[in-house]
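Please open the structure in your viewer and keep the sequence panel beside it, so that you can select residues by number as you read. Take each stop slowly, and look around before moving on.

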Amino acid sequence: MTKYIVKRLLLAVLTVFIICAITFFLMHAIPGGPFNREKALDPATIAALNARYNLDKPLVTQFGIYLKELLKGDFGVSLKNGREISSIIAESFPISCKVGLRAIAIALVCGTIFGSVAALMRNKWPDRVIVFLSTLFTAVPSFVLATLLLLVFCIKLGWVPVWSPNNPSYVLPVIALSAYPMAYITRLSKTSMLDALSQDYIRTAKAKGVHKWTVIFKHALRNSLIPVITYAGPQIAYIITGSMIVETIFTIGGIGSKFVSAITNRDYTMIMATTIFLATLMVAATLICDLLYKLVDPRINYD
């Protein structure tokens, strides 16, 4: 187990480094720069700004400087407002985390329950209703659902207030973020549960007279969770970091909306920081989920 964890940690560091390098060089390959504005600055001002932020140096040298500062835990400052990026992340990430954790909790619990019910009542009306709704929410993009929720429940009906830092309402963003993963987990859970119920050990447990609910919850459900855990790892990191479009629609000020504005403004340092932050969360969540396999199925051997 220890050898496996060390190996995965080394691969995680390599993965984050590759993502960092690809993002850095592709970002600088796009025409334009962070100081290009509608009202053009004079060449002397642009040259001074480039020198201040080391943008006048060769790309390899810039990348080396960035990595050196990154190893010290310094993400630099925003090229647009001069604020420390660490403080921007510390300010916006808790908002994304609150929304994301609630959304993924709803998606995991409801998706697993609905999928199990659909499997146990296969070809009956609950199964058909659940399959229809899961297909619907899988097909509808999150930004379309977010717009509809905002239009109907916030503007037309006025049941939910507009999001504000002083009076935050997470209801609509949580629904918009949890709809797709819940629908996907529902379909995944149903397929996994049907596969588990057809296994020999389930038939053996039934033949021994084990209670129906014990067979379902102790044996079938537990062994059907592995595909759900596999999907949930990266999805948890993605949702916690924030869905860029949903956060922008509801203007909740999370880290996802900061990433969108950084791309629009060509804020190099902010783009790099949010990309590395997201990549680190993705790698960490995937590693944790891989380790959870052992708890769900003791037969799994990491050696």
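The tour below goes from the whole chain to its helices, their packing, and a few single residues.

**The whole chain**

Before selecting anything, bear in mind that what you are looking at is a predicted model. Colour the chain by secondary structure, and you will have 13 helices and zero strands in view, so that from the N terminus on the elements read α-α-α-α-α-α-α-α-α-α-α-α-α. The chain has 303 residues, of which 41% count as buried. If you consider the contacts in the chain with a separation of 6 or more, 74% of them are accounted for by residues 24 or more positions apart.

**The largest nonpolar core**

Next, select Tyr66 and Met272, which, among the 30 residues of the largest nonpolar core, touch the most other members. Now add the helices that each supply at least two residues of this core, namely α1 (2-29), α3 (59-71), α4 (85-120), α12 (255-265) and α13 (268-296). Among the contributions to this core, the largest share is that of α13, with eight residues.

Which residues does Tyr66 touch, leaving out those up to four places away in sequence? Show the side chains of Cys20, Phe24, Phe75, Thr269, Met272, Ala273 and Ile276, and you have the set that Tyr66 touches. Another core, of 19 residues, lies apart from the one you have just viewed, and you can find it by selecting Ala146, Cys154, Val174 and Ile239, which are among its members.

**α1 against α3**

Two packed helices are described by the angle between their axes and the distance between the axes. Hide everything except α1 and α3, which pack at an angle of about 135° with their axes 11 Å apart, and which are therefore oblique to each other. The crossing of these two helices, α1 and α3, is right-handed. To see where they meet, select Phe17, Cys20, Ala21, Phe24, Phe25 and His28 in α1, and then Leu59, Val60, Gln62, Phe63, Tyr66 and Leu67 in α3.

**α4 against α12**

Bring back α4 and α12, whose axes come within 7 Å and cross at roughly 130°, an angle that makes α4 oblique to α12. On the α4 side the residues to select are Ile88, Ile89, Ser92 and Ser96, and these meet Ile255, Gly256 and Lys258 in α12. While α12 is still in view, mark its buried residues, which are Ile255, Gly256, Ser257, Phe259 and Ala262. Then step just past the end of α12 to Arg266, which takes a positive phi of about 55°.

**The loop between α4 and α5**

Move to the loop between α4 and α5 and select Asn123, which lies there. Is Asn123 buried or exposed? With a relative accessibility of 53%, Asn123 counts as exposed. Its backbone also deserves a look, since Asn123 is a residue other than glycine with a positive phi, near 65°.

**α5 against α7**

Select helix α7, residues 171-197, and follow it to Ser178, where the helix bends by about 35°, with a proline, Pro181, following within four residues. Helix α7 is mostly covered, with 19 of its 27 residues buried.

Now add helix α5, residues 125-139, which packs against α7 at an angle of about 135°, the two axes being 8 Å apart. That angle makes α5 oblique to α7, and the crossing of α5 and α7 is left-handed. Show Asp127, Ile130, Val131, Ser134, Thr135, Phe137 and Thr138 in α5, and you will find them meeting Ala179, Tyr180, Ala183, Tyr184, Thr186, Arg187 and Lys190 in α7.

Stay with Lys190, which has its place in helix α7 and which, at 17% relative accessibility, counts as buried. Leaving out residues up to four places away in sequence, Lys190 touches Gly115, Ala118, Ala119, Asp127 and Val131.

**A last stop in α13**

Finally, select Ala284, which lies in helix α13 and which, at 35% relative accessibility, counts as partly exposed. Add Leu9 to the selection and draw a distance between the two C-alpha atoms: Ala284 and Leu9 are 275 residues apart along the chain, and these atoms are separated by 8.8 Å.

Terms used:
Residues numbered from 1 in each chain as written. Predicted model: local features only at pLDDT ≥ 70, side-chain atom pairs only at ≥ 80, totals over all residues. Heavy atoms only, no water. Core = buried A, V, L, I, M, F, W, Y, C linked by side-chain atoms within 4.5 Å. Buried < 20%, exposed > 50% of the residue type's maximum accessible area, 1.4 Å probe, protein only. Contact = heavy atoms within 4.5 Å. Bend = angle between axes of the 7 residues up to and from the residue. Axes fitted to C-alpha atoms, helices over the stretch in contact; angles between N-to-C directions. Parallel < 35°, antiparallel > 145°, perpendicular 65-115°, else oblique. Left-handed = near helix turned anticlockwise from the far one by under 90°.
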